[in-house]
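Thanks, everyone. I will walk through the spaces in this protein, then the aromatic contacts. Here is the model.

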Amino acid sequence: MSKKRIVVLTGAGVSAESGISTFRDSGGLWEKYDISEVATPEAWERNQDLVTEFYNQRRKQLYEVEPNAAHYALVKLEEKYDVQIITQNVDDLHERAGSKNVMHLHGELKKVRSSVDEDLVYELDGWEVKKGDTCEKGSQLRPHVVWFGEPVPMIPPAAELCSTADILLIIGTSLNVYPAAGLVGYSPPGCPVYLIDPAEVNVSHIPGVKIIREKAGKGTAQLVDKLLDHS
Ligand code: OAD
């Protein structure tokens with residue numbers, strides 16, 4: 001018999017206990033930085049040095065942190081389920097924990113790409129991109145990250161994946177950013193949906209959602225144990 005499929009939508013909160021700031025909590029990144037200055041195509045046109053430095057700092061931090069209990073619990077879930085992770089995060093903590101199937105909706109910090117040809121994507125060796133680091137067509141390398149105002153090319157495959165879910169888990173996302181937040185609407189009618197977040201999240205568009213008001217580490221480990229017991 002084939003394994004049941006669990007689709008997991010994660011956001012910044014799943015990495016919070018690893019020490020990576022979320023975006024919209026108090027003290028979050030968008031309180032310290034102006035989105036329009038660092039995470040839009042216009043910001044890149046205006047000040048490539050500032051944008052490059054912002055992402056260099058995020059990438060440098062990524063080398064200093066480790067996956068946490070939530071990432072590892074999702075790996076354990078693979079013992080009995082076909083687990084498909086769709087993450088809004090640009091970190092690689094799901095992969096480093098050992099999850100097999102990880103789709104990045106908003107790009108990946110450890111990759112960069114050409115600023116004139118989006119198909120030219122490169123893995124970086126270290127954390128730093130310098131001015132003058134160029135693609136083979138001579139353009140400055142930009143972060144391989146989806147900025148505000150840019151299309152999200154991974155949405156169609158992510159929606160397709162959600163439509164095949166037997167169970168949907170949502171962990172550590174404020175569900176503020178579309179189109180990512182709209183993915184939950186693609187899960188089949190009657191599909192059980194669980195949401196893990198220590199704060200209140202607007203779930204009026206998710207009928208029947210079961211809310212687990214815990215941090216990701218504890219909440220995910222508990223839910224994974226329950227799902228493994230009941231498989
Ligand atoms: P947000 O910062 O909007 O939301 C983080 C969520 O994590 C909130 O609901 C918090 O309550 C929750 N949280 C905080 N600590 C937690 C913990 N220890 N365990 C579990 N949850 C916790 O981040 P996202 O929803 O991921 O996009 O943001 C979505 C997108 O907006 C990001 O991918 C990024 C951002 O701008 C781009 O950069 C394109």
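A word on naming before the pockets. Helices and strands here are DSSP runs, at least four residues for a helix and at least two for a strand, numbered from the N terminus. Also keep in mind that this is a predicted model.

With that naming, take the second largest pocket. Its lining gets at least two residues from each of α4 (41-46), β4 (107-113) and β6. The volume of this second largest pocket is about 460 Å³. It has 25 lining residues, and those closest to its centre are R113, E118, H144, V146 and P153. What is the lining made of, by class? In the second largest pocket, 11 residues are nonpolar, six are polar and eight are charged. Domain 1 (1-19 + 67-106 + 152-231) and domain 2 (21-64 + 110-145) each give at least three residues to that lining.

Now the largest pocket. Its space comes to about 1,000 Å³. The lining counts 48 residues, with A12, T22, F23, R24 and N89 closest to the centre. Three elements give two or more residues to this lining: α1 (13-16), α2 (29-32) and α5. Of these, α5 has the largest share, with five residues. By class, we have 26 nonpolar, 13 polar and nine charged residues in the lining of the largest pocket.

Where does the largest pocket lie with respect to the domains? It lies between domain 1 and domain 2, because both give residues to its lining.

Next, enclosed space. How many cavities of 30 Å³ or more turn up in the whole structure? The search finds one. It holds about 40 Å³ of space. Its lining consists of T52, Y55, N56, R59, V112, V129, L141, R142 and P143. The elements giving two or more residues to that lining are α5 (48-62) and β6 (142-145). Helix α5 has the largest share here too, with four residues. By class, the cavity lining has five nonpolar, two polar and two charged residues.

Y55 takes us from the cavity lining to the rings. The structure has seven aromatic pairs. One of them joins Y55 and W147. This pair is tilted, with 6.4 Å centre to centre and 45° between the planes. Why look at this pair in particular? Y55 is in helix α5, while W147 is in the loop between β6 and α8 (155-162), so the contact ties together parts 92 residues apart in sequence.

Are the two partners buried or exposed? The cut-off for buried is under 20% relative accessible area. Y55 has 5% relative accessibility, so it counts as buried. W147 has 2%, so it counts as buried as well.

The pair also belongs to a cluster. Ring pairs link F23, W30, Y33, W44, F54, Y55, W147 and F148. F23 also appeared earlier, among the residues closest to the centre of the largest pocket.

Last, charges over rings. R58 lies over the face of F54, 4.6 Å from the ring centre. F54 is itself a member of the aromatic cluster. K210 lies over the face of Y194, at 5.2 Å from the ring centre.

To close, one element to keep in view is α5. It gives the largest share of the lining in the largest pocket and in the largest cavity, and it carries Y55 of the tilted pair. Questions, please.

Definitions and conventions:
Residues numbered from 1 in each chain as written. Predicted model: local features only at pLDDT ≥ 70, side-chain atom pairs only at ≥ 80, totals over all residues. Heavy atoms only, no water. 1 Å grid on protein atoms, 1.4 Å probe; cavity = no way out; pocket = protein on both sides within 12 Å on 5 of 7 lines; lining within 4 Å. Points joined across faces, edges and corners; volume = space filled by probe spheres on them. Nonpolar A, V, L, I, M, F, W, Y, C, P; charged D, E, K, R; others polar. Phe/Tyr/Trp six-rings, centres within 6.5 Å; stacked < 30°, edge-to-face > 60°. Buried < 20%, exposed > 50% of the residue type's maximum accessible area, 1.4 Å probe, protein only. Lys NZ or Arg CZ within 6 Å of the ring centre and 35° of its normal. Domains from an automatic or database assignment.
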